[in-house]
Amino acid sequence: MPAIEVGRICVKIAGREAGEKCVIVEIIDDNYVEVVGSTIKNRKCNLKHLEPVDQTIEVKSDDVEAIKKELAAAIA
């Protein structure tokens, strides 16, 4: 299983956004991370609700729109 790290692309496997791809922008603690995606608002998410994939992107700033564009380019 790929490591949980900032920039790791994941698929949400629970909740109303299940099946959507997102990227980890901050690790909050052992159970929660902050994620953002093209259809996912910038929010706290339980690690149990994420399935990490092998891809990562470079998260350079707190600019949510720039991160969304980079994610879209990576999964296209």
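**Exercise 1.** Which backbone nitrogen lies 2.9 Å from a polar atom of the side chain of Asn 46?

*Solution.* The model is a predicted one, in which local features need pLDDT of at least 70 and side-chain atom pairs count only at pLDDT 80 or more, while totals for chains, interfaces and linings use all residues. Residues are numbered from 1 along each chain as its sequence is written, and side-chain values use heavy atoms, with hydrogens and water left out.

Step 1: locate Asn 46, which belongs to strand 4, residues 43-46 (strands are DSSP runs of E with at least two residues, helices are runs of H or I with at least four, and both are numbered from the N terminus).

Step 2: search around its side chain, where the backbone nitrogen of Lys 48 is found at 2.9 Å from a polar atom.

Step 3: add the surroundings, for Asn 46 touches Asn 31 and Tyr 32 when residues up to four places away in sequence are not counted (contact means heavy atoms within 4.5 Å). With a relative accessible area of 19%, Asn 46 is buried (buried means under 20% relative accessible area, exposed over 50%, and partly exposed in between, with a 1.4 Å probe and protein chains only).

**Exercise 2.** Determine how strand 3 is paired with strand 2 and with strand 4.

*Solution.* Step 1: strand 2, residues 21-27, pairs with strand 3 in the antiparallel sense over 4 bridges (pairing requires that DSSP finds at least two bridges between the strands). Val 23 stands opposite Val 36 of strand 3, and the two strands form a hairpin with 4 residues between them.

Step 2: strand 3 and strand 4 are likewise antiparallel, over 4 bridges, with Tyr 32 opposite Asn 46 and a hairpin of 6 residues as the connection.

Step 3: consider burial, since 4 of the 5 residues of strand 3 (residues 32-36) are buried, so this strand is largely enclosed by the rest of the structure.

**Exercise 3.** Is Glu 17 buried or exposed, and which residues does Glu 17 touch?

*Solution.* Step 1: Glu 17 sits in the loop between strand 1 (8-12) and strand 2.

Step 2: its relative accessible area is 11%, so Glu 17 counts as buried.

Step 3: leaving aside residues up to four places away in sequence, Glu 17 touches Lys 12, Thr 39, Ile 40, Lys 41 and Arg 43.

Notes:
Polar contact = N/O pair within 3.5 Å; in protein donor to acceptor, adjacent residues only side chain to side chain.
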